[in-house]
Amino acid sequence: MRRLAVALLLIGAVAPTAAAAADGVVAATLDNGLRVLLLEDHRSPIVSFQVWYRVGSRNEARGATGIAHLLEHLMFKGTPTHGPRQFARLVEQNGGQDNAFTSQDVTSYYVNIAADRLDLVLDLEADRMQHLLLDAKEIESERQVVIEERRTRTEDDPGGYLGEEVSSIAFKAHPYGYPIIGWMEDLRRITPEEIRAFYRTYYVPNNALVVAVGDFDAPRTLEKIRARFGPIPRGPDPPPVYAVEPPTNGERRVVVRKQAQLPIVYVGYHAPNHRSPDAPALEVLSAVLAGGRASRIYRHLVYERRLALEAGGDYNYFSLDPNLFWFWATPLPGQTPETLEGALLGEVERLKRARTRSSRRSAPSRRRTSSASRARGSSRTGRTSASSSRSPEAAVSLPPRALKLAATVLAVALLALAATWTVRYLAGDERSVAVTGTIEALQVDVSAKIVGRIVERPVTEGQPVERGQLLVRLGADELAAEVRRAEAAAASAEAQLRDLRAGARREEIDEAEARAARAHAQLDDLLAGSREQEIEQARANLRNAAATREWTQRDLQRARALFARDLIAAQEVDRAQNAFDVAAANEAAARERLALAEAGARKNEIEAARAEVRATRERAGLLRAGPRPEAVAAARSQVAEARAALALAQARLAEMRILSPLTGLVLRKNLEVGETANPGVAILTLMDPKDMWLRAYVSETDVARIRVGQPAAITVDAFPGRAFAGAISEIASEAEFTPKNVQTKKERVNLVFRVKIAIRDAEGVLKPGLPADAQLRP
């Protein structure tokens, strides 16, 4: 889709649409140099937040290759505020996804998360932009991770290893010849001091770009970004890259012998980047020559001639400096790399012959050919296997600046193709183009975030709804009780905090002082030995014990006398003896207790009384002095926890009311009242009638006569006699496969063109799935 849009741009057909898309972007530059791009998209309640740093392997010095990619890994190792590995953990706990990549020109970090969690991402990204922890142990640990990554993706992978070698000979002076992951020797040598210096040099706001797309209010989000990122001080401008690759003076070739099942052939040409006026044409040629399975190379080498198992290529349109136009192929078993190389170069020759035929039909095309043919003598170089990422800033603004085209063979072929398409478009007649397709629309499934039973669904199928309108209400008795408990806990914590702040009441102080006085008096009594009541009780206990002993003694004497006369058994004597022994022991214990009471208080009782005096005095002193700061701080912490628990309970209760995320129609219902709703399971499906289109296909002969923005008249079988207005909003291409022929055993691949026609006046009656026809008026 992107490549076809570039082709139409070449003939001036999508300029109005591109301008309209750019109008929706809110762009700003903060005082510290941070560039911000915001685009609202309210179709889903999510946000994609990205931070791009203008630094990649292009900014590395010899001997320190791979430092940009290694620093990308270290950006997830924490800050003083958020410890190691906390960034990814916090994002995942809030249902988000995060990742990063490093290319030749940029390093990008991105997070996809729910829109109401955007503040968390802003805090995390602003924190690590200036406070990254670069601990030596973490650096050494991540160094081993990157070394292992290089070993598996490059040194143990024949394609990655060959791409690295090809890129190194393609660029003699420019750092595009360095591998993005770095040379193994450099990865082992880079010091923590170099990494910290690299971070301080390039990770500054004036070298960064913040991009956000999603369900947010752009002006408010810009203010939040300004509040988080604005205080970060501007750093010195990073050093520019002055390296310029000298013109090639002949073919460069490298042969790598490595254990592999099949060989790989790379062919590349030096080519300009997006600043050149020839770059759009080269982008078109990249799609025609090597853009997927419908491309010329794939179709001719894989399907028709059966020479290759795979084939493809690419062109780094948005690279900061001129880069490579390259393509590659893997031969089928039994085919040689030399044969496949000749076939790849043969495709270039076919394009050259096509340009020659085109030059005889078009005068403007002849003039373009003569100017390009003077630059013959292109060189074939290698291409690294790492892809070049495209900066969103480049998509917003592309500064025009002419650069010399280095690879003339491909340029001549592409300019012929571009000229042929232009002539074909300009020569098209005024007849309308008829297409048939199916109506589609933006559909949003509405589901619950927590499990609950549906108790109310006030909307029905076909009913219009407004954004924020109640769609479904779930049973909330348990959650309501939880909210009441949380409210009571919060009120209790706040009351305790108020009491601590106000200090102790007078009656509490008086009670504490009276208790201290009683404890002191008790201690004085113990020290003075004044325990008359206890002594009297001990004497009474002794008298009782002595009387019991005398009684049991007389009983024992009678038992012995009776036993001597053989009137009782020996067991009765033993019983009387045991009773006497117990009574004697009790008398001795009572006598000892009386002696202790008369001697004064015991030592342990005195110590206990002294401890009680100290405790009561301390409490009275604290009450007189007022509340302690640590007690107030603890009470505040309890209040904060109670309020957080209350907010969480209220949020969960609010989730039992499901509101409409858009203004539209109820397309269909999936669950009835009384059924249980589970997270992720659609309860209702909504439709936005303002975002409705007709998807259809157009033939190859008609695709040159239509353009984005072209008006269309739409008729629907379900509404005879009515016409709906529309306009082409998108043109894309895709490959169409047909099964193998039974006799020829061949599979056909055709390139088909798909159009998307936005419907301007759906009138609330059109629904997805309806067949419709459209007349496209040039």
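This is a short tour of one sheet, the helices beside it and some aromatic pairs in a predicted model.

**The sheet**

Start by selecting residues 265-271 and 308-315, which are strands β7 and β8, and add residues 323-331 for strand β9. Together the three strands make an open sheet in the order β7-β9-β8, and their pairing is antiparallel. β7 and β8 are the edge strands, each of them pairing on one side only. On average, neighbouring strands here are turned by 10° against each other, direction ignored.

Strands of a sheet pair through backbone hydrogen bonds, either parallel or antiparallel. Now keep just β8 and β9 in view: the two run antiparallel and are joined by seven bridges. To find a matching position across them, select Ala311, which stands opposite Ala329 in β9.

**Helices across the sheet**

Next, show residues 279-290, helix α11. This helix lies across β7, β8 and β9 and runs at about 170° to β8. Then show residues 158-170, helix α7, which lies across β7 and β9 at about 35° to β7.

**Where α6 meets α7**

Keep α7 and add residues 136-155, helix α6. The two helices pack at an angle of about 90°, with axes 6 Å apart. Angles of 65 to 115 degrees count as roughly perpendicular, so α6 is roughly perpendicular to α7.

For the contact itself, show side chains for these residues:

- from α6, Arg150, Arg153, Thr154 and Glu155
- from α7, Gly160, Tyr161 and Glu164

By class, the contact consists of one nonpolar, two polar and four charged residues.

**Aromatic pairs**

A pair of aromatic rings is described by the distance of the centres and the angle of the planes. The model has 16 aromatic pairs. One of them is Phe171 with Tyr176, an edge-to-face pair at 5.8 Å centre to centre with 80° between the planes. Phe171 has a relative accessible area of 4% and is therefore buried; Tyr176, at 0%, counts as buried too.

Go back to the sheet and select Tyr315 and Phe325. Their ring centres are 5.7 Å apart and their planes stand at 35°, so this pair is tilted. Tyr315 belongs to strand β8 and Phe325 to strand β9, 10 residues apart in the chain. Both residues are buried.

Which residues do ring pairs link into a cluster? Select Tyr53, Phe76, Phe87, Tyr109, Tyr199 and Tyr203 to see them.

How values were computed
Residues are numbered from 1 along each chain as its sequence is written. This is a predicted model: local features need pLDDT of at least 70, side-chain atom pairs count only at pLDDT 80 or more; totals for chains, interfaces and linings use all residues. Side-chain values use heavy atoms; hydrogens and water are left out. Two strands pair if DSSP finds at least two bridges between them. Helices (H or I, at least four residues) and strands (E, at least two) are DSSP runs, numbered from the N terminus. Axes are lines fitted to C-alpha atoms, for helices over the stretch in contact, and angles run from 0 to 180 degrees between N-to-C directions. Contact means heavy atoms within 4.5 Å. Angles under 35 degrees count as roughly parallel, over 145 as roughly antiparallel, 65 to 115 as roughly perpendicular and the rest as oblique. Ala, Val, Leu, Ile, Met, Phe, Trp, Tyr, Cys and Pro count as nonpolar, Asp, Glu, Lys and Arg as charged, and the others, Gly among them, as polar. Rings of Phe, Tyr and Trp (its six-membered ring) pair if their centres lie within 6.5 Å; planes under 30 degrees apart count as stacked, over 60 as edge-to-face and the rest as tilted. Buried means under 20% relative accessible area, exposed over 50%, partly exposed in between (1.4 Å probe, protein chains only).
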